[in-house]
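Trainee: Please take me through this model slowly, one question at a time, and show me how each answer is reached.

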Amino acid sequence: MSRRGRIDPFEPAQIRRLVAEFGSPLLIVDCARVREQYRSLARALPGVDLHYALKPLPHPAVVRAVIDAGGWLDLATTGEVLVAAAVGVPGARCIHTHPIKRARDIRNALEHGVTIFVADNPDEVRKFRAHAGRASLLLRVSFRSPGAVCDLSRKFGCDPEQALALARLAASLDVEVRGFSFHVGSQAVDAAKHAEAIEVCAALLAAARRERLGACDTLDIGGGFPIDYGERAAGIHRYCAPIRRALAQLPKRVRVIAEPGRYIVGPAAIGVATVMGRAQREGHWWYYLDDGLYGSYSGQLYDHARYPVSVMRDGPLLPSVLAGPTCDGIDVIAEALQLPKLNIGDLVVGRQMGAYTWATASTFNFFPKATIVVVNRQPGDTGGV
Ligand SMILES: *Cc1c(COP(=O)(O)O)cnc(C)c1O
């Protein structure tokens, strides 16, 4: 059941035990797996400071696990600043990366001790004139990535050709330019775009430094590191090879940071839902679960993900549909499945459900969001929840 006293919360017996104790639906988060994900990405990107982006699962236990593993944080909203503060993570271990901020978002982050912010346009740079000397900037550059599942360079980032002009504006306002950042898009198919962006940003860093526009000592290579949703993603070490090659060309004085989100938490959680009713329609068994597209499976809409689902029962396979609990017709998790015949009360498990699932869930129709259950909080834990 366990390795070094740690429980495997993704084992059927443990899943049943946790549902018996905490009810359904659940999102079971394994902090041991969070720490492992952190370590494998750290090994794939040696010398890169990993700032966990809270957005995919802004849970204090995940934040704690990342910090325990030696990590940093990437915050984007006042709510995320409050989570970091509640866990006791000092602002010096955090950066604030939302390219568009309200005055109070900047103030709240500064009050918590965060000093590095992101901007991608002249109006945003001007917001920092009032904080010159306290705040410094990473300028976010856009590298379009039509291949990524979620392109994040259309909504944010300046063209590489505009980046130096933006750095000059900051310097003219006495706002320190620390460097450049980018985000090639989430669940990126390969690292070619990362590598290309690193080369362009390396040239920008050198040019900005020549013009004495600021310290220009930081390159932030964003997130986007993919996980395996069923079609096998390349192992992370192999995936990162082009990034390691590109980073090797940088001058030693450049501090490199990354903002992984999905990679850290995606594989670290499963969703557990219960069959609350069933019906036969047009030759299919329809199973209605207490979690669905308006809940933890919201990532199937917003994040274009497909979570591998499984049941804990054997038997002849029948054409089946898994549906969510709400009265809305689009609330269907998966069709054309082959499943053993399920009973009311059976459990259905979705894997790879840590990122962009619970975080984007709603309580539409008053079906509550899944309860988060955290296990293996500390290294060496014996299953304390
Ligand atoms: C969402 C986001 C991330 C995390 O991206 P992943 O693809 O989940 O790794 C990192 N940085 C910023 C600025 C983001 O908006």
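Mentor: Our questions will go from the ligand to the core, and then to single residues and their backbone. The model is predicted, and local features need pLDDT of at least 70, side-chain atom pairs count only at pLDDT 80 or more, and totals for chains, interfaces and linings use all residues. Residues are numbered from 1 along each chain as its sequence is written, while side-chain values use heavy atoms and leave out hydrogens and water.

Trainee: Which residues come nearest to the ligand?

Mentor: A residue counts as near the ligand if one of its heavy atoms lies within 4 Å of it. There are 14 residues around the ligand, and those that come nearest are Lys55, Ser186, Glu259, Arg262 and Tyr356.

Trainee: How many residues of the shell around the ligand are charged?

Mentor: In this sorting, Ala, Val, Leu, Ile, Met, Phe, Trp, Tyr, Cys and Pro count as nonpolar, Asp, Glu, Lys and Arg as charged, and the others, Gly among them, as polar. The shell has three nonpolar and six polar residues, and the number of charged ones is five.

Trainee: How many Å separate a polar side-chain atom of Ser186 from an oxygen atom of the ligand?

Mentor: The contact to look for is a polar contact, a pair of N or O atoms within 3.5 Å (within protein, one must be able to donate a hydrogen and the other to accept it, and residues adjacent in sequence count only if both atoms are side-chain atoms). Lys55 offers one such pair, with an N or O atom of its side chain 2.6 Å from a ligand oxygen. For Ser186, the distance from a polar side-chain atom to an oxygen atom of the ligand is 2.4 Å.

Trainee: What share of the ligand's accessible area does the protein cover?

Mentor: Backbone atoms take part as well as side chains, for a backbone N or O atom of Arg262 lies 2.8 Å from an oxygen atom of the ligand. On its own the ligand has 390 Å² of accessible area, and the share that the protein covers is 92%. Such areas come from the Shrake-Rupley method with a probe of 1.4 Å.

Trainee: Which helix gives the largest share of the largest nonpolar core?

Mentor: A nonpolar core is a set of buried Ala, Val, Leu, Ile, Met, Phe, Trp, Tyr and Cys residues joined through side-chain atoms within 4.5 Å, where buried means under 20% relative accessible area, exposed over 50%, and partly exposed in between (1.4 Å probe, protein chains only). The core has 109 residues, of which Leu73, Leu219, Ile221 and Phe225 touch the most other members. Helices (H or I, at least four residues) and strands (E, at least two) are DSSP runs, numbered from the N terminus. The largest share, eight residues, comes from residues 192-210, which form helix α8.

Trainee: Why does this core lie between two domains, and which are they?

Mentor: The domain bounds come from an automatic or database domain assignment. The core lies between the two because both give residues to it, namely domain 1 (31-265) and domain 2 (268-375).

Trainee: Is Leu205 buried or exposed?

Mentor: Leu205 is found in helix α8. Its relative accessible area is 2%, so it counts as buried.

Trainee: Which peptide bond is cis?

Mentor: Most peptide bonds are trans. Pro25 is in the loop between α1 (12-22) and β3 (26-30). With omega about 0°, the cis bond is the one that joins Ser24 and Pro25.

Trainee: Is Gln352 buried or exposed?

Mentor: Most residues other than glycine have a negative phi. Gln352, in the loop between β17 (347-350) and β18 (371-375), has a positive phi near 55°. Arg212, in the loop between α8 and β10 (218-220), also has a positive phi near 55°, and it is exposed at 74% relative accessible area. For Gln352 that area is 14%, so this residue is buried.

Trainee: How far apart in space are Gly185 and Phe143, C-alpha to C-alpha?

Mentor: Gly185 is in the loop between β9 (176-181) and α8, and at 0% relative accessibility it counts as buried. Phe143 is 42 residues away from it in sequence, and the distance in space, C-alpha to C-alpha, is 8.9 Å.
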